[in-house]
Amino acid sequence: MADPQLAEAVQTFKALQQELQANAQTRQQLISQINETEMVKEELERLDEDSTVYKQIGPAMIKQDLVEAQTNVSKRLEFIQGEMRRVCDKHVALEAKAKEQQALVMKLQAKQQQQQGTAQQAA
């Protein structure tokens with residue numbers, strides 16, 4: 001006989017694990033975006049003030065002011081880093097929830113095994 005409380009706890013734990021995995025993938029994507037954006041920022045900083053910079057908008061390349069391009073890249077980097085902090089905070093919270101849920105599952109499993117042991121001894 002399966003304990004419905006245990007089954008629900010296991011299901012919740014599995015859902016938390018999936019959410020943690022999705023969160024980890026998001027973190028990886030953000031790390032890649034941060035690295036790319038930092039490389040672009042470094043390249044823009046190496047240019048002379050009179051250098052021509054182009055921005056791709058759809059299939060077209062549009063001329064852009066160097067200072068404006070540097071500002072846009074800096075703002076993008078700040079935004080991505082903010083997202084990264086948010087995702088990391090969420091990851092910490094999810095890990096704590098998953099740890100609590102895992103403890104609950106283990107407690108319920110131990111209780112069920114104890115009940116089964118008691119029932120077998122009575123039989």
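## The hairpin

Two strands count as paired if DSSP finds at least two bridges between them, and strands here are DSSP runs of E covering at least two residues, numbered from the N terminus just as the helices are (H or I, at least four residues). In this predicted model, local features need a pLDDT of at least 70 and side-chain atom pairs count only at pLDDT 80 or more, while totals for chains, interfaces and linings use all residues. Residues are numbered from 1 along each chain as its sequence is written, and side-chain values use heavy atoms, with hydrogens and water left out.

So what joins strand β1 to strand β2? Five bridges do, linking β1 (residues 53–57) with β2 (residues 60–64), and the two strands run antiparallel. If you want one pairing to look at, take Y54: its bridge partner in β2 is K63. Two residues sit between the strands of this hairpin, and G58 in the turn has a positive phi of about 65°. As a rule of thumb, side chains in a regular strand alternate between the two faces of the sheet.

## A salt bridge between the helices

A salt bridge here means a side-chain nitrogen of Lys or Arg within 4 Å of a carboxyl oxygen of Asp or Glu. The structure has three of them.

Start with E19 and K90, whose closest N and O atoms are 4.0 Å apart. This pair ties together distant parts of the chain: E19 belongs to helix α1 (residues 4–46) and K90 to helix α2 (residues 66–122), with their positions 71 residues apart. Are these two buried or exposed? Neither, quite: E19 is partly exposed at 35% relative accessible area, and K90 is partly exposed too, at 38%. For the cut-offs, buried means under 20% relative accessible area, exposed means over 50%, and partly exposed is in between (1.4 Å probe, protein chains only).

## Salt bridges within a helix

Down in α1, E43 bridges to R46, and here the closest N and O atoms are 2.7 Å apart. Both residues lie in that helix, three residues apart, or about one turn. E43 is partly exposed at 46% relative accessibility, whereas R46 counts as exposed at 59%.

Helix α2 has a pair of its own in R86 and E83, which are three residues apart and so separated by about one helical turn. Their closest N and O atoms are 3.0 Å apart. R86 is partly exposed, with a relative accessible area of 44%, and E83 is partly exposed at 24%.
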